[in-house]
Amino acid sequence: MAVERPATPARARAPARPPVGLLSGHLGALRLVARPTLRDVRSPKDFFRPLAVGAPAPLREVPWRPSRMIHFFDPSNARMVAKLPGLAAQVDVLLGNLEDAVPAAAKEPARAGLVEVARDVDLGTTSLWTRVNALDSPWVLDDLTTLVTEVGDRIDVVMVPKVEGPEDIHYVDRLLAQLEARGGVSRPVLVHAILETASGMARVEEIAQASPRMQGISLGPADLAADRRMKTTRVGGGHPGYLVRQDPHDGDAPRATYQQDLWHYTVARMVDACVSAGISPYYGPFGDIADVVACEDQFRNAYLLGCVGAWTLHPVQVDVARRVFSPAVDDVAWARRVVAAMGEDGRGAVMIDGKMQDDATFKQCSVVLRLARDLAARDPELAAAYGMEAGR
Ligand code: GLV
Ligand code: MG
């Protein structure tokens, strides 16, 4: 019997990079800009067709689940694996890491260990993600094939490292569909890109919109720094040399310096790319495990700019992430006051404690309240602190 095949999506035939066009720029200088043409854009009708016969239909909305901390573990490390049921009660996401930090000799045991975790360990309602090896590595094909065909229904999200552009997501998208079909997976495995190449950064908007599987993007500050040839040797965080200095004053009087945030531009652009694509942005790792104070500052900057979570590499960072990525109790109480004062439709203007509130502050407060409600549903302690119902 002939099998009806979905139409070949236009994007499969698209060139890897958009053609380059010329536009005149400031003061008559010529500027090179990428101009997408119709050939580069998949038909909207095809976007939600499965990319393989028998694969589950792509989702129209990415299901939002709390993911304040994506806690990394090495599935080849039996001691760490033994702690997973206890950890699952404290974190939103457990991520079996197969990539960097796992030595070459442990790549296969890590992959096999993750299959066992997915099959045998009860993680309750905590999500299980993985970070597979890079697309140019000798391991990634077996990572994806094994995980999706053997435990595809247990893996919620696949994190893809060192993404260079939308073509990397297209490759993973099609391969996942083929593997889901082979493994009889009932819902699409979602994809999360790590922003850790200059090319990925330059095309972060295209990456965010490359597939309905896209769940989110994380900053990968260590690899991104190396790829950009930044002169840092840390995993995330600031640098004392990246500063501004007060203007000269009073002759030779000492001039104050103020350290700046190395990641501001990157995180802010990533947030815009993600939110405009309907997916979630995350700060990545903070490598100085002992410096929980600076970790908290860096996470909070990301939270205030719009990120929904960060990676945790050690249990001491879990509480930091929970504290930072859950709205403060006072902020929730304030948001409630504003929303109550503005009324059901949030239109008009009112004064509260001398501060003007209008439709826009109503919307900001609604963002805080929605997040608080979603988190309270998962976290009974937060529910009690917010005065909300748990398990809603
Ligand atoms: C994470 O993978 C990083 O490179 O920072
Ligand atoms: Mg990296």
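Colleague: Against which elements do the buried residues of helix 9 pack?

Modeller: This is a predicted model, and in it the buried residues of helix 9 pack against strand 7 (190-195), helix 7 (198-202) and strand 8 (214-219). The buried residues in question are Pro221, Asp223, Leu224 and Ala225. Just after helix 9 comes Arg229, with a positive phi near 60 degrees.

Colleague: Which residues lie around ligand 1, and which helix gives the largest share of the shell?

Modeller: The shell consists of Asp100, Ile194, Glu196, Gly220, Pro221, Ala222, Asp223, Val235, Gly284 and Pro285. Helix 9 (residues 221-228) supplies the largest share, three residues. By character, the shell divides into five nonpolar, two polar and three charged residues.

Colleague: How should I read burial for a single residue, and is Gly236 buried or exposed?

Modeller: One counts the C-beta atoms around the residue, and 20 or more within 10 Å make it buried. Gly236 has 26 such neighbours inside 10 Å and therefore counts as buried. Its place is in the loop between helix 9 and strand 9 (243-245).

Colleague: What is Gly236 in contact with, beyond its neighbours within four places in sequence?

Modeller: Gly236 is in contact with Pro221, Ala222, Gly284, Pro285, Phe286, Gly287 and Gln298. Take Phe286: it stands 50 residues from Gly236 along the chain, yet their C-alpha atoms are separated by 5.1 Å. For the protein chain, residues 24 or more positions apart account for 68% of the contacts with a separation of 6 or more.

Colleague: How does one read a strand, and which way do the residues of strand 4 point?

Modeller: One follows the side chains along the strand. In strand 4 (residues 93-97), Val93, Leu95 and Asn97 point one way, while Leu94 and Gly96 point the other way. Five of its five residues are buried.

Colleague: Which strands pair with strand 4, and over how many bridges?

Modeller: Strand 3 (residues 69-73) runs parallel to strand 4 and is joined to it by four bridges; here His71 has Leu94 as its bridge partner. Strand 5 (residues 127-131) also pairs with strand 4 in the parallel sense, over five bridges, and Asn97 stands opposite Arg131. Strand 4, helix 4 (residues 107-120) and strand 5 together make a right-handed β-α-β unit.

Colleague: What is the usual sign of phi, and which residues here have a positive value?

Modeller: Most residues other than glycine have a negative phi. Ala101 has a positive phi of about 90 degrees although it is not a glycine, and Asp250 has a positive phi near 45 degrees. Ala101 lies in the loop between strand 4 and helix 4, and Asp250 in the loop between strand 9 and strand 10 (257-259). Ala101 counts as partly exposed because it has 13 C-beta neighbours inside 10 Å. Asp250 is exposed, since 7 other C-beta atoms lie within 10 Å.

Colleague: How does one read a helix, and which residues of helix 14 are buried?

Modeller: An α-helix has 3.6 residues a turn, so residues three or four places apart point the same way. In helix 14 (residues 359-378), the buried residues are Phe362, Cys365, Leu371, Ala372, Leu375 and Ala376. Their cover includes helix 13 (329-342), strand 14 (355-358) and helix 15 (380-386). Helix 14 has 20 residues and reaches 29 Å from its first C-alpha to its last, close to the 28 Å expected.

Note on methods. Residues are numbered from 1 along each chain as its sequence is written. Chains are lettered from A and ligands numbered from 1 in the order in which they are written. This is a predicted model: local features need pLDDT of at least 70, side-chain atom pairs count only at pLDDT 80 or more; totals for chains, interfaces and linings use all residues. A residue is buried if 20 or more other C-beta atoms lie within 10 Å of its own, exposed if 12 or fewer, and partly exposed in between; C-beta atoms are placed from the backbone. Helices (H or I, at least four residues) and strands (E, at least two) are DSSP runs, numbered from the N terminus. Two strands pair if DSSP finds at least two bridges between them. A crossover is right-handed if, with the strands pointing away from the viewer, the path from the first strand over the helix to the second runs clockwise. A residue is near a molecule or strand if its C-beta atom, placed from the backbone, lies within 6 Å of it. Ala, Val, Leu, Ile, Met, Phe, Trp, Tyr, Cys and Pro count as nonpolar, Asp, Glu, Lys and Arg as charged, and the others, Gly among them, as polar. The expected span of a helix is 1.5 Å times one less than its number of residues. Two residues are in contact if their C-beta atoms, placed from the backbone, lie within 7 Å.
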